[in-house]
Amino acid sequence: MALAGDTYSIAGCWLAYRSSARAFSAAAVAQAKITLDGPGKLNVPNNPTLVYVEGDGTGADIWASASRVIDASVEKAYGGERKIEWMEVLAGEKAFNETGEWLPQETIDAFREYLVGIKGPLTTPVGGGIRSLNVALRQILDLYTCLRPVVHFAGVPTPIKKPEDVDFVIFRENTEDIYAGIEFQSGSDEVKELLGWLQDKGVADKVRFPDTAAMGVKPVSREGTERLVKSAIQYALDNSRKSVTLVHKGNIMKFTEGGFKDWGYALAKSEYRNEIVTERESWILGNLDSNPDMSVEDNARAIEPGYNLMTSTQQEALRNEVAGVIEAIGATHGNAQWKNKVIVKDAIADIALQQILTRSKEFDVIATLNLNGDYLSDSAAALVGGIGIAPGANVNYTTGHFIAEATHGTAPKYAGLDKVNPGSVVLSGEMMLRYLGWNEAADLIIKGMNGAISTGQVTYDFHRLTEGATLLKCSEFGSAIIKHMD
C-alpha cells in the first residue's frame, strides 16, 4: 500500500469516468497540502486537504450524500491510514448571500493553492458580470481540459440497444473557441468597428444582415490544441486505449477547426511517433502488409478511390505521401506492428454526433474543441443515463490543478427534498480519487454504484423508467452505494 509522500504521474493517472464540512487551523491545513513535485507530478499526503463547494439548489442534498460515499470508500480501502480533510469554500448563490460576491477571491485562491477539489452545481448569475461561474473558474485557473468519461452501468435506463458498447472519454478544450467570451452586442460601436475592418478586407458581404448582427471571435491556437491533444494521447497510452479521435468542423472552418485537426496530427507525429499511427498511415501500411509487392501507385489508388479523377499534380502528391510513410515508419510500424499502436484519426463533428449513437465502439478517446465538446459530452451522457449520473472534471496537467464537478444544473425546485440523484458528484469524486492515485478507494465507489443500480435501488429519475425498481431518496442511494462496497 502506497503511503504519504508517494509521487504520482498526473498524465498517467487512470481518469476513468467516475463528511460533513470540517474546520481546520491554518497549521493543520498547511501540513495536509498536496504539492507539485516537478512538472506533472503530485505529492499526496495521507490526509490531504481537498477544497469543496457544496453547490446551489440541490447541491446541499447531493453533497451530504456524495461526501459520505467518498469518505466511506477511503475508510474501507485504507482502514484509517488515509483520510480526506474537507475545506469548504463559497461560490454561487451561497457565496453571494454571505459575501455579496458570486465567486470570492478567497475561493479562487483556495483552489489555486490546494490544487485538487470538487464542486456541486452552481447558479449562473442573471444580468451582467460573470456569465458562468464554471467557465470563470476554468479560465482563471487555466483548466484547459474538461474531462468527461462516458460508460454505462448495467441497469441504468438507456435509449440505445447496446449501451455496453459505450466506453469512451472526451477531452474537451476548455479555454478557447467561442467560449472565450469575446462577443459584441448588435448595434454596438465594437460591431461597427469590426464591420469596417471586414469591409477593408473585402469580406463584409459575408455578413448577411450587418445592421443587426451581433459578432463574436473564435480563437483557436496551436498551443491550446497541442496541450489538449497531448493530454488525450498520453491518457490513451497510459490506459491501454486503442484510439484518439480528433473531432472538428474543419470542412467549414478551415483555419480554426481545421487548424485544430492539423495541429493535432502534427503533435501526435512529432511527440509520439513511436507510439501512434494515424488512420491514414494504417491504411498504407495495411495494404503493404497484405501485399508486400504492391507498388506505391497501387497503394495510392487503394487509399484514394478517386485517384483517377485527380490532376497529375494531385496524384504525384498522393504517391509522395505513400512513399514518405513507408520510408519514415515502415521499419517501426510495418509488418503489422502498427496494430499495437494508438490510432490517431479525425471525424467531422456532425458525423461524430451521429456515430457515437450508431458506432459507439469506434470511439475510445475523443479530443475536441470547446463547443463541439459541450454538445458531445451531454449527448453522450444521454446514452448512459443522462447528466444526473455523468461525471466530469476540469484539469491542468502541467500545474496539477483538478476540479471535479457536477455536470448538471441546480434544479432548485427539488432543493431540500432529498430526492435527486447524487451520481454525478459521486462519480466525479471517483475521478478525483484516481487523480490522487487512490485507485483502491475509487474502485470501491464503482463497485458500490454497480451493486446499487444492478439490484434496482435507484433515485426517482431512474425509478420512473425501470420496472420493479426500489425508489430511494438521495441520501438512501448514497447509503446503498456504501453498503455494496463490501
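These are my notebook entries on what I looked up in this structure, which is a predicted model.

**Entry 1: the chain as a whole**

I began with the overall make-up and noted that the secondary structure of the chain comes to 17 helices and 18 strands. For the extent of the C-alpha trace, I recorded spans of about 75 × 60 × 50 Å along the principal axes. I then looked up the radius of gyration, which is 24 Å for the chain, and this agrees with the value near 23 Å that a compact globule of 486 residues would have. Of these 486 residues, 52% count as buried. The exposed surface of the chain comes to about 21,500 Å², and I noted that carbon and sulfur atoms supply 51% of that area. For the charges, I looked up 47 positive and 62 negative ones, whose mean positions lie 4 Å apart.

**Entry 2: strand 6 and its neighbours**

I next went to strand 6, which covers residues 116-119, and asked myself which of its residues are buried on each side. On one side these are Val116 and Ile118, and on the other they are Gly117 and Lys119, so that both faces of the strand are covered.

I then followed the pairing of strand 6 in the sheet. Strand 4 (residues 49-53) pairs with strand 6 in the parallel sense over three bridges, and within this pairing I found Gly117 to be the bridge partner of Val51. Strand 16 (residues 402-406) also pairs with strand 6 in the parallel sense, over four bridges, and here Lys119 stands opposite Glu405 of strand 16.

Just ahead of the strand I looked at Leu115, whose place is in the loop between helix 4 (105-114) and strand 6. Its phi is near 70°, which is a positive value in a residue other than glycine. I also checked the cover of Leu115, and because its relative accessible area is 7%, under the 20% cut-off, I entered this residue as buried.

**Entry 3: a second residue with positive phi**

Asp177 likewise has a positive phi, of about 65°, although it is not a glycine. I located Asp177 in the loop between strand 8 (167-173) and strand 9 (183-184). With a relative accessible area of 0%, Asp177 is buried.

**Entry 4: helix 14**

For helix 14 (residues 423-436) I wanted to know how its span compares with the expected one. At 1.5 Å a residue, its 14 residues should span 20 Å, and I found the end C-alpha atoms 20 Å apart, which agrees. The helix is mostly covered, and I counted 14 of its 14 residues as buried. After helix 14 comes Gly437, for which I wrote down a positive phi, near 90°.

**Entry 5: two C-alpha separations**

I finished with two pairs of residues. Thr245 lies in strand 11 (residues 243-248), and at 1% relative accessibility it counts as buried. I looked up its separation from Ala367, which is 122 residues away along the chain, and found 6.1 Å between the two C-alpha atoms.

For the other pair I took Ala382, which is placed in helix 13 (residues 370-383). Ala382 is partly exposed, with a relative accessible area of 39%. Its C-alpha atom and that of Thr99, 283 residues apart along the chain, are separated by 37 Å.

Methods:
Residues numbered from 1 in each chain as written. Predicted model: local features only at pLDDT ≥ 70, side-chain atom pairs only at ≥ 80, totals over all residues. Heavy atoms only, no water. Buried < 20%, exposed > 50% of the residue type's maximum accessible area, 1.4 Å probe, protein only. Helix = DSSP H or I, 4+ residues; strand = E, 2+ residues; numbered from the N terminus. Pairing = 2+ DSSP bridges. Expected span 1.5 Å × (residues − 1). Rg over C-alpha atoms; globule rule 2.2 N^0.38 Å. Areas by Shrake-Rupley, 256 points an atom, 1.4 Å probe, with all protein chains shown as cover. Lys, Arg positive; Asp, Glu negative; His and termini not counted. Charge placed at Lys NZ, Arg CZ, Asp CG, Glu CD.
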